[in-house]
Amino acid sequence: MQEVSTKPYLLRAIYEWCTDNGYTPYITVLVDGRTRVPMQFVKNGEIVLNISFEATSGLKMDNDFINFSARFGGVSRDISVPVDNVVAIYARENGQGMAFEVPVVTGSAEENQEPTDAPISVAGGLTSVPTGEKTNAESDASPEEDPEPPKKGGRPVLTRIK
């Protein structure tokens, strides 16, 4: 018997944590051929969806897909998202949540998009940090040089580090 991934269980747990604490759960999804979402809201091959009780109807979070109905521009749409394509789930109010491995997207909505090693900005603060060798800019900078000091105040930021 094939072992089921922990990802759908973690998604359901973070969703429950958000709702128990009065937060609004959002998911960031990479869009591909298996994803049913309104394409006019897809940006850079991703879409951010509010999956709160108030924003959805018939939310079902299975081990393979997240399905629900939601209104976009006043029109009800059936949404279907493969769990494998969920990049992050987080609370809108404070940015707390969890980011996941970025899947390799096949049959993307944006076919001409070239793969890149640049960090992928996700969900207004979550950042995918690529692993591997340092770039020239990273290797030339000395540890004492901090080009930009950290910003104080504002919204909390969750950074995804592989």
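This section describes the fold, the nonpolar core and the charged pairs of a predicted protein model.

The protein comprises 162 residues, of which 33% are buried. Its secondary structure amounts to 2 helices and 10 strands, and from the N terminus the elements follow the order α-β-β-β-β-β-β-β-β-β-α-β. Among the contacts with a separation of 6 or more, 61% are made between residues that lie 24 or more positions apart.

Confidence varies along the chain. The mean pLDDT of the protein is 76, with 63% of the residues reaching 70 or more. The highest confidence is found in strand β1 (residues 25-30), with a mean of 96, whereas the lowest belongs to helix α2 (residues 136-140), with a mean of 42. Across residues 108-147 the pLDDT is below 50, although this stretch has 46 contacts in the model beyond near neighbours in sequence. Where pLDDT is low, predicted coordinates should not be read in detail.

Strand β1, in which confidence is highest, also takes part in an open sheet of 4 strands, arranged in the order β2-β1-β6-β7 with antiparallel pairing. Strands β2 and β7 (97-99) form the edges of this sheet, each of them pairing on one side only. When direction is ignored, neighbouring strands of the sheet are turned against each other by 15° on average. Strands β1 and β2 run antiparallel and are joined by 5 bridges; within this pair, Ile27 has Leu49 in β2 as its bridge partner. Helix α1 lies across β1, β6 and β7, and runs at about 20° to β6.

The largest nonpolar core contains 24 residues, and within it Leu49 and Ile66 touch the most other members. At least two residues of this core are supplied by each of the elements α1 (7-20), β1, β2 (46-50), β4 (65-72), β5 (75-82) and β6 (86-91). Leu49, which is thus both the bridge partner of Ile27 and one of the two residues touching the most other core members, illustrates how these parts of the chain meet. Setting aside neighbours within four places in sequence, Leu49 is in contact with Pro25, Tyr26, Ile27 and Val29, as well as with Val37, Phe68, Phe72, Ile79 and Val81.

Charged side chains form 3 salt bridges in the model. In one of them, the side chains of Asp32 and Arg34 meet with an N to O distance of 3.8 Å. The two partners differ in their surroundings: Asp32 counts as buried because its relative accessibility is 8%, which falls under the 20% limit, while Arg34, with a relative accessible area of 42%, is partly exposed. A further salt bridge links the side chains of Lys60 and Asp62, with 4.0 Å from N to O. Here Lys60 counts as partly exposed at 48% relative accessibility, and Asp62 is likewise partly exposed, with a relative accessible area of 30%. Arg92 and Glu93 also form a salt bridge, in which the closest N and O atoms are 3.3 Å apart. Arg92 is partly exposed, its relative accessible area being 40%, and Glu93 is partly exposed as well, at 34%.

Methods: Residues are numbered from 1 along each chain as its sequence is written. This is a predicted model: local features need pLDDT of at least 70, side-chain atom pairs count only at pLDDT 80 or more; totals for chains, interfaces and linings use all residues. Side-chain values use heavy atoms; hydrogens and water are left out. pLDDT is the predictor's confidence in each residue, from 0 to 100. Contact means heavy atoms within 4.5 Å. A nonpolar core is a set of buried Ala, Val, Leu, Ile, Met, Phe, Trp, Tyr and Cys residues joined through side-chain atoms within 4.5 Å. Buried means under 20% relative accessible area, exposed over 50%, partly exposed in between (1.4 Å probe, protein chains only). Two strands pair if DSSP finds at least two bridges between them. Axes are lines fitted to C-alpha atoms, for helices over the stretch in contact, and angles run from 0 to 180 degrees between N-to-C directions.
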